[in-house]
Amino acid sequence: MPSKSKKTPIIEAPVVPPAMDAAVAAREAAAHDRELTNHHFKEGEHPIVRIEHLNKTFTDTPVLRDVNLDVWNGEIVVVLGPSGSGKSTMLRCINLLETPTAGHILIDDEEITGSKKTDVVKLRRNLGMVFQQFNLFPHLTALENVMIGQTKVLKKGKEEARAEALKQLDRVGLADRADFKPPQLSGGQQQRVAIARAVAMHPQILLFDEPTSALDPELVRGVLNVMRDLALNSGMTMIVVTHEMGFARDVADRVVFMEDGVVVEQGRPGDVFDHPQHERTREFLGSIS
Amino acid sequence: MQELASRKPHPGGLVAGALALALALVLGGCGSATSSSSTGLDSSGITTAADAGEVVVKSATARPNEDGGSSVFGGQETRLTWEGTVNVDSGITEVTLALPDDATFDGSTTRVTVLDGLKRVNIDSTTSTSGNTITIKFAEAIPSGSLLRLEVTNMKFPTKGGSYSVTGTYVTGTGEKAELDASPKIKITELTTTQAIVNWLDGQAWVSAWNSVPFLNMFFKPQLLVTSFPSLFSGWILCLIIILVAFPFGILLGLVFAFMRISKHRWVRAIAAIYVNLLRGTPLFLQIYIAFFGLPMVGINMDNNILGIIVVAINSSAYQAEIYRAGIQSIPKGQYEAATSLGMTYRQTMTSIILPQTVRRVLPTVTSDFITSYKDTSLLSSVGVMELMMFSKNLTTVSGNITPYIAAAIYYLIITLPLIKVVGIIEKRLSADENGEGPRPKDDDMETEDEFEAPAADEKAKPSAFQALTAPFRAHTLSDGGVEDAI
């Protein structure tokens, strides 16, 4: 291993601690810390994201029906549920890729529903988004994909943006792919670049819309490892829509189960997975395990 | 004087020759009589001394040797005709004509005509040539007062062209040598490569054989093909100027109308739709007629070429508007979402993300449109724009042969064939780009991510991962509804 690493020194820094035992230990410690502080979130501060009575209807088809959800700063929330349950739509409402039909969404105590165009643009700088289909810009290299938001939106200088982009690419283990264009990368690599692109903007909140659903099973692990690293070490608030139960169980501070446009159940991963309160949750967990 | 009068009824060559000799003797004997008799022949009215005199050079001309033209080409066989009046008492026995160095009399044949008044006098002569000089010796002296005409066939003027005088010398009956006056200048056109090739072709047996086939002669006459190219050249250049000026305007106008077509405001979309549909729904030919005949009637007059450029640009812009609109709309919705999620404004999204991708996608179609518009400039010939089609039409009318049209076709193809090839290359490259071909990390490099996934697994995943990526793209090419799939 060390001899190999010497050949390509740029990407030497592993995203995940080389020894898996150490990683697990660290994760557990972090989860424990968070569980302690979680309590504090709920009692004290305002939630960073507050969803109140959110409704969304696509041409007569109700997709979200009175969804209520609070997310606290630094919290990792994993949203589970069968397809068509409205998880993605809820996520997309948070950064207004979908306009809510009714209800309120507050980010940092600020109402965003019904806000002006310029405010929406401003709001989105605070919200990073990772898509199921990656949506990398195919005409730009991996590096340029990570730089373009910084230069165009944050108005950073080119060198500064490049340094940040390289740092983020290094973090997702793709510094040596900086000059490759998306079609030349595997799906897993593309998704990691997409994560780097979102993280490079240093948003307060990072939204993941089924980030591993379009990937082959063997590529999922690499992406999840990157997400784990972010969850443990970045301090960002993350709302993750996924079908990865293992990830939810290991990383989430809270699991939210949705079905038919309604939040059915939520709680600590251990509670929801091991002692689901609702019949639907039980059915869902039974069907996938 | 009596002798002069008595000579007239005798036309016979031998008789005339004898009489001419007699006249020469008479004239040599009495100079005063000569001057009076020579006035009828020589407008300059030179009076000559008893034993001297001069040869008055009247003219020197060359027969045009251009195919169907009036130019005299240098370096190509022609006939030099030189005329002078002999005003030398003792007559002349020898004439040497000279031209500049590059001319040649070698291989020529000379016909000598001596006229005494209207009577032809036969005098034997021997001709010798030496490069740019030719010497004619007469068996007997040409008597004073006669007109000497030398026709040198198959001689050549200098290749480089210019204006040349024929100079030379003559020898009098008494053996004196004198200079000839320089003749009026003969204008020689430089022999063009084209003409040289035509000359060469004229002499080729296979060309004659080729041209003996009516079809080949009518459509592919080699000589005409060769002369057509330079004749059509300026028309071709005008074609290129028209399209190269018109097309960029077409691009700009097309982009403007493309954005109008996808505007949020209904009336903006309506205006763009009317513009695009009217122009795409009517023939360019009709649009040209309306512009060229309609505008002058309302007092708008402008240069034909400029109006031609405007019409082509406007027509092309309608087609390009549709190309750009379709191109912009073919970019997956996910691209807009990714850009706006980064906090980009609509303008930033368009300029940095959508348009660069659109350009790549529409490049083949736009190039095809360029080819179409370039060919369509030919329609401007109907309203008198002097472009390629116009020139070839004129040339065909003059020559009664279709070959100039074939030459025009070749001029069009010089541009269109490579562009068609370019379109193919761009299309191939684009599809290669979208299919993820091109340099990929080798297995050697994959070690760097072994913390995440096995290299082999990564390699295996390529096809399906790519399918996932291009799913929205492919959906789009099938139906517009594909946009929604990405949601």
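What follows is a chat between a visitor and a guide about this predicted two-chain model.

Visitor: What ground rules apply to the numbering and the values?

Guide: Residues count from 1 along each chain as its sequence is written, chains are lettered from A and ligands numbered from 1 in the order in which they are written, and side-chain values use heavy atoms, with hydrogens and water left out. The model is predicted, so local features need pLDDT of at least 70 and side-chain atom pairs count only at pLDDT 80 or more, while totals for chains, interfaces and linings use all residues.

Visitor: How many helices and strands are there in chain B?

Guide: Both are DSSP runs numbered from the N terminus, helices being H or I over at least four residues and strands E over at least two. By that count chain B has 16 helices and 12 strands.

Visitor: What share of chain B is buried?

Guide: Buried means under 20% relative accessible area, exposed means over 50%, and partly exposed is in between (1.4 Å probe, protein chains only). The accessible surface of chain B is about 23,700 Å², with 62% of it on carbon and sulfur atoms (Shrake-Rupley method, 1.4 Å probe; for residues, only the protein chains shown count as cover). Of the 487 residues in this chain, the buried share is 45%.

Visitor: What fraction of the contacts in chain B with a separation of 6 or more joins residues 24 or more positions apart?

Guide: A contact here means heavy atoms within 4.5 Å. Take the chain B contacts with a separation of 6 or more, and the part from residues 24 or more positions apart is 73%.

Visitor: Which helix gives the largest share of the largest nonpolar core?

Guide: A nonpolar core is a set of buried Ala, Val, Leu, Ile, Met, Phe, Trp, Tyr and Cys residues joined through side-chain atoms within 4.5 Å. The largest one has 52 residues, and A:Leu80, A:Leu169, A:Ile195 and A:Phe208 touch the most other members. Its largest share, eight residues, comes from residues 217-233 of chain A, which is helix α8.

Visitor: Which core includes B:Met350?

Guide: That residue is listed along with A:Leu69, A:Val77 and A:Leu123. They are among the members of a second, separate core of 45 residues.

Visitor: Which residues does A:Ile195 contact, leaving aside its neighbours within four places in sequence?

Guide: A:Ile195 is one of the residues that touch the most other members of the largest core. With those sequence neighbours set aside, its contacts are A:Val130, A:Phe208, A:Val223, A:Val226, A:Met227 and A:Leu230.

Visitor: In chain A, what turn residue of the β1-β2 hairpin has a positive phi?

Guide: Strands pair if DSSP finds at least two bridges between them. β1(A) and β2 (residues 61-71) are antiparallel over seven bridges, with A:Leu54 opposite A:Val67. β1 (residues 49-58) also pairs with β4 (residues 102-107) of chain A, antiparallel over five bridges. Two residues separate the hairpin strands, and the one with a positive phi, about 30°, is A:Thr59.

Visitor: Why is one side of β6 and of β11 in chain B left without a neighbour in the sheet?

Guide: The sheet is open, antiparallel and ordered β6-β7-β3-β10-β11. At the β11 end, three bridges join that strand to β10 (residues 167-172), and B:Thr169 faces B:Glu179. One side of β6 (125-130) and of β11 (177-179) is free because both strands stand at the edges, each with a single partner strand.

Visitor: Which strands are at the edges of the sheet β1-β2-β8-β4-β5 in chain B?

Guide: This is an open sheet of five strands with antiparallel pairing. Inside that order, β4 (residues 109-116) and β8 (residues 147-156) pair over seven bridges, and B:Val114 has B:Leu148 as its bridge partner. The strands that pair on one side only are β1 (53-62) and β5 (119-121).

Visitor: How far apart are the end C-alpha atoms of residues 233-260 of chain B?

Guide: The unreviewed UniProt entry annotates this span as "transmembrane region", along with 272-295 and 402-420; such annotations may be inferred rather than shown by experiment, and positions are in the numbering used here, with feature names shortened. Residues 402-420 are 95% helix, with ends 26 Å apart. Residues 233-260 are 100% helix, and their end C-alpha atoms are separated by 40 Å.

Visitor: Is B:Gly145 buried or exposed?

Guide: B:Gly145 lies in the loop between β7 (133-142) and β8 of chain B. Its C-alpha is 9.4 Å from that of B:Val55, 90 residues away along the chain. At 7% relative accessibility, B:Gly145 is buried.
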